[in-house]
Amino acid sequence: MGELGVARSVSYVSAAKLLAMARGNPRVAIIDVRDEDRRYQAHIAGSHHFASGSFAARLPELARATSDKDTLVFHCALSKVRGPTCAKMFFDYLSETQEESGIKNVMVLERGFNGWELSGQPVCRCTDAPCKGTCS
């Protein structure tokens, strides 16, 4: 496969670890794959929204939007089905297209957005798309 440095597998990360990883690190992107539920609930500040319903069609767009990142962390409400499925789909897309990508880590947020919020991590309620990450 060459020296693309593409992630070798999808791994899981806890909310606390993600918060520490993402703080002040512009190379970490959080990808929210919830569908309509994102609109009615809060979200993680600065996250990108790529709804699972249209996710497959938007893979090239996601690759472009995250071309300057090295770590992508996917989540849905609980990270049981949609989050891991989309993470694997993106991982496979990177592997198959062999696009030049600096992404080294494809991860899933343990317990999803609900777990993030329940553990007291900061959430954003802005309606900006994409979220600029300035809310606290």
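**Confidence, cysteines and a helix**

Mentor: Among the elements of this predicted model, which was made by a program, helix α2 (residues 37–40) has the lowest mean pLDDT, 68, and β4 the highest, 97, where pLDDT is the predictor's confidence in each residue, from 0 to 100, and helices (H or I, at least four residues) and strands (E, at least two) are DSSP runs, numbered from the N terminus. Residues are numbered from 1 along each chain as its sequence is written; local features need pLDDT of at least 70, side-chain atom pairs count only at pLDDT 80 or more, and totals for chains, interfaces and linings use all residues. Side-chain values use heavy atoms, with hydrogens and water left out.

Trainee: How do you know that C131 is not bonded to C126?

Mentor: A disulfide is a pair of cysteine sulfur atoms within 2.5 Å, and because the sulfur of C131 is 3.8 Å from the closest cysteine sulfur, in C126, that is too far for a bond. A search of the whole structure finds zero disulfides, and C86 is in none either, the nearest cysteine sulfur, that of C76, being 7.9 Å away.

Trainee: What makes C86 count as buried?

Mentor: Buried means under 20% relative accessible area, exposed over 50%, partly exposed in between (1.4 Å probe, protein chains only), so C86, at 3% relative accessibility, counts as buried.

Trainee: Which elements do the buried residues of α4 pack against?

Mentor: The buried residues of α4, including C86 and F90, pack against β1 (10–13), α3 (59–65), β4 (71–75) and β5 (105–109), where contact means heavy atoms within 4.5 Å.
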